[in-house]
Each structure stands twice: as structure tokens, then as C-alpha cells.
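The exercises below concern salt bridges, helix faces and the nonpolar core. Please work through each task before reading its solution.

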Amino acid sequence: MHVALLALFAAAALQVSSAGDPAKMKEIMEKCSGQNAISPDEMEALKSLTIPSSDGGKCFVGCLFEEVGMLTGGSFNRATTEALARAKLQEKPDELDKYMQLIEKCSDEVASHDNKCETGPKLMECIKNYAPGLGIVLAGSA
């Protein structure tokens, strides 16, 4: 299992994941890959923030977001995501402001989705699309 992949994914997930330790990351990766069929190629592609095309890969992405608390019941959990950002970036108010803008934008983008297999990939796509414009550098992005 790629522990580094979840670290990267957490970076894509606003770098506010509560899953900061490698053992917890490995546990989340194993849980999500055990519940969702994702190919080794799709797993590798996630390192460059490429959204999987298979149903299993999309559900895997949603599972990761659920496990770090950014999705609840398949829907984007804005309150938890904002709390994670505040906790992670409390000493960096300029960075926090950028992330709050991204959270607001992506909350609007994924508001109509309530299935983790749809919401997860849409959220990842939103983060990938809008983070650079806000000055947020994501690991793995070109």
C-alpha cells in the first residue's frame, strides 16, 4: 500500500487531514482499497492528482475524503473541513484565508452531490482546479 499516496492525497485534500501519522494513513488506505476496487494504475495516477475513471477508483477517492472527515454521508462537510483547516493553519492566517476561499468555492461546486463516489472525485477536481489560482501549491500537481 502506498503510504506516500495518502500523504499526497491529504495534501490535495487541503493539506488539513487529521490523518497525519503514517500508521493512520496506511490504515485509511487499506480500508478504502479493501472496500473499493482501484487498479494499481489508477492508484499510481492519483500521485499526480489524476482522478480515477473507474467506479471503484471514484469510490476510493470518496472513501479517503470520508475517512479524513471532509465528507459525511457522501456530502461535503464544510464545517469539519473548515475546522481541520483552522487547526492545521492557525499560526498562518494568510494561508488559512486562501484555504477558506477554496473551501467556500468547492462547497458551492459539490453542494448538489450526496454520494461519496460522485462527491469525492468532484471535490478533488475542484481542489485541483482552483487551488493554484489562490496560490495554494499541491503536491503532485504540474
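A salt bridge is a side-chain nitrogen of Lys or Arg within 4 Å of a carboxyl oxygen of Asp or Glu. The structure is a predicted model, in which local features need pLDDT of at least 70 and side-chain atom pairs count only at pLDDT 80 or more, while totals for chains, interfaces and linings use all residues. Residues are numbered from 1 along each chain as its sequence is written, and side-chain values use heavy atoms, with hydrogens and water left out.

**Exercise 1. Salt bridges**

Determine how many salt bridges the whole structure contains, and describe the pairs formed by Glu95, Glu82 and Lys31.

Solution.

Step 1. A search of the whole structure yields five salt bridges. Side chains of opposite charge can pair when their charged atoms come close.

Step 2. Glu95 pairs with Lys98 at 3.3 Å, N to O. Both belong to helix 6 and are three residues apart, so about one helical turn separates them. Helices (H or I, at least four residues) and strands (E, at least two) are DSSP runs, numbered from the N terminus. Glu95 is partly exposed at 27% relative accessibility, and Lys98 is partly exposed at 23%. For these classes, buried means under 20% relative accessible area, exposed over 50%, and partly exposed in between (1.4 Å probe, protein chains only).

Step 3. Glu82 is bridged to Arg78, with the closest N and O atoms 2.9 Å apart. The two lie four residues apart in helix 5, about one turn of the helix. Glu82 is buried, with a relative accessible area of 16%, whereas Arg78 is partly exposed at 29%.

Step 4. Between Lys31 and Glu67 the closest N and O atoms are 3.0 Å apart. This pair links distant parts of the chain, since Lys31 is in helix 2 and Glu67 is in helix 4, 36 residues apart. Lys31 counts as partly exposed at 38% relative accessibility, as does Glu67 at 27%.

**Exercise 2. The two faces of helix 5**

Describe the span of helix 5 and identify its buried and exposed residues.

Solution.

Step 1. Helix 5 comprises twelve residues, 78-89, and reaches 16 Å from its first C-alpha to its last. This is close to the expected 16 Å, a span given by 1.5 Å times one less than the number of residues.

Step 2. Thr81, Glu82, Leu84, Ala85 and Leu89 are the buried residues of helix 5. They cover an arc of only 160° around the axis, which means that they lie on the same side of helix 5. The arc is that of the directions from the helix axis to the C-beta atoms.

Step 3. The face turned away from this buried side carries the exposed residues Ala79 and Ala87.

Step 4. The cover over the buried residues of helix 5 includes strand 2 (75-76) and helix 6 (93-110).

**Exercise 3. The nonpolar core and a buried lysine**

Characterise the largest nonpolar core, then state the surroundings of Lys116.

Solution.

Step 1. A nonpolar core is a set of buried Ala, Val, Leu, Ile, Met, Phe, Trp, Tyr and Cys residues joined through side-chain atoms within 4.5 Å. The largest one has 33 residues, and those with the most contacts inside it are Phe60, Phe65, Met70, Phe76, Leu123 and Ile127.

Step 2. At least two residues of this core come from each of helix 2 (22-35), helix 3 (40-46), helix 4 (55-67), helix 5, helix 6 and helix 7 (116-130). Helix 6 supplies the largest share, seven residues.

Step 3. Lys116 is located in helix 7 and is buried, with a relative accessible area of 18%. Leaving aside neighbours within four places in sequence, the contacts of Lys116 (heavy atoms within 4.5 Å) include Lys58, Cys59, Glu66 and Pro121.
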